[in-house]
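Q: Please take one helix with a charged pair on it and look at it closely. Then work outward from there to the rest of the chain, and give reasons where there are any.

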Amino acid sequence: MSYIDITRSLSSGMAVWPGDQPFEYDRTMAILKGESVNVGRVVMSTHTGTHLDAPYHYDEEGMKVDEIPLESVSGECIVVEAVNLPVIEESFLQNIHFKGIRKVLFKTTSSEGGHSYDSFPVFTEEAARLLGEKGVELAGIDAPSVDPLESETLPAHHAFKEAGTFILEGLDLYHVQPGIYELTAFPLKLKGGDGSPVRAVLKEINRS
């Protein structure tokens, strides 16, 4: 069965979090210049595009990205539609049956290109805690963050950490139908890292 790529492409000039390191890719060696191989150089933030937040990103004592168990970012997941919700609240989640699945991805836009950094949906602290109470170990969203752009206290991030839930941001879900899938979203093994881009993919599965 074919895979569904839910990763945003990395390219020069792409939008990044305001004030963060712009993404750069250039070739340091090129066959067209008479060299034997093409070799590229990449400069980017650890939170570029589709990425996994390590708790260390917002807590000095938090888990680093290379310490996150791989089983926490792979396995059975459910895609939930939350289109046109400016805020994902506890009341919305109470009506969803996650069927015992511990990884949940929230589709909040049906438009190609996704959200801008000026306007995107976020989670309340109560919603983050409820997901933890339901046993969710990974929460993913197609927005660039689970907290507002201007937030300095990052209440949703901290609530997710307290709930034992890892955060996957910047997904590309506009072409994905709600349902149950097999997720793979492995980060780079960055020693002591605060986060990492991932190649996130889904595979449809049959589950009665």
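A: Start with R129, which counts as partly exposed at 35% relative accessibility. This is a predicted model, so every value here is computed from predicted coordinates. E125 is also partly exposed, with a relative accessible area of 32%. These two residues form a salt bridge, and their closest N and O atoms are 3.2 Å apart. Both sit in helix α2, four residues apart, which is about one turn of the helix. The spacing fits the geometry of an α-helix: there are 3.6 residues a turn, so residues three or four places apart point the same way. Side chains of opposite charge can pair when their charged atoms come close.

Helix α2 also has a nonpolar role to look at. The largest nonpolar core has 28 residues. L93, F98, F106, F123, L131 and F160 have the most contacts inside this core. Elements giving two or more residues to it are β5, β7, β8, α2, β9 and α3. The largest share, four residues, comes from α2. So what does the charged pair share with this core? Helix α2 holds both R129 and E125, and α2 gives four residues to the core.

L93 shows how α2 is held from another part of the chain. Leaving out residues up to four places away in sequence, L93 touches I88, F98, F106, A127, L130, L131 and K134. A second, separate core has 22 residues, among them V65, V79, L171 and A185.

Now move to α3, another contributor to the 28-residue core. The buried residues of α3 are A156, H157, A159 and F160. They lie on the same side of α3, because the arc they cover around the axis is only 165°. That buried set packs against β4, β8, α2, β9 and β10. Helix α2 is therefore among the partners of the buried residues of α3, where contact means heavy atoms within 4.5 Å. F160 belongs to both lists: it is buried in α3, and it is one of the residues with the most contacts inside the largest core. Just past the helix comes G164, whose phi is positive, near 80°.

Helix α3 carries a charged contact as well. K161 and D59 meet in a salt bridge through their side chains, at 3.2 Å from N to O. This pair links distant parts of the chain, with K161 in α3 and D59 in the loop between β4 and β5, 102 residues apart. K161 counts as partly exposed, at 33% relative accessibility. D59 is partly exposed too, at 21%.

A third bridge starts from β7. The closest N and O atoms of K103 and E137 are 2.6 Å apart, and the two form a salt bridge. K103 lies in strand β7 and E137 in the loop between α2 and β9, so this pair ties together parts 34 residues apart in sequence. Where do these partners sit, buried or exposed? K103 is buried, with a relative accessible area of 6%. E137 counts as buried at 11%. Both values fall under the 20% cut-off, so both residues are classed as buried. The R129 and E125 values, 35% and 32%, fall between that cut-off and 50%, so that pair is classed as partly exposed. The structure holds nine salt bridges in total.

Two loop residues deserve a look at their backbone. Most residues other than glycine have a negative phi. N84 is not a glycine, yet its phi is positive, about 70°. It is found in the loop between β5 and β6, and N84 is exposed, with a relative accessible area of 70%. K99 also has a positive phi, near 60°, and is a residue other than glycine. K99 lies in the loop between α1 and β7. At 43% relative accessibility, K99 counts as partly exposed.

Finally, the setting. The chain has three helices and 12 strands. Its radius of gyration is 17 Å, close to the 17 Å that the globule rule gives for 208 residues, so the chain is as compact as a globular protein of that length. Buried residues make up 44% of the 208 residues. Of the contacts with a separation of 6 or more, 72% join residues 24 or more positions apart. About 10,700 Å² is exposed, and carbon and sulfur atoms supply 48% of it.

Terms used:
Residues are numbered from 1 along each chain as its sequence is written. Side-chain values use heavy atoms; hydrogens and water are left out. A salt bridge is a side-chain nitrogen of Lys or Arg within 4 Å of a carboxyl oxygen of Asp or Glu. Buried means under 20% relative accessible area, exposed over 50%, partly exposed in between (1.4 Å probe, protein chains only). A nonpolar core is a set of buried Ala, Val, Leu, Ile, Met, Phe, Trp, Tyr and Cys residues joined through side-chain atoms within 4.5 Å. The radius of gyration is taken over C-alpha atoms; the globule rule is 2.2 Å times the number of residues to the power 0.38. Accessible areas come from the Shrake-Rupley method with a 1.4 Å probe; for residues, only the protein chains shown count as cover. The arc is that of the directions from the helix axis to the C-beta atoms.
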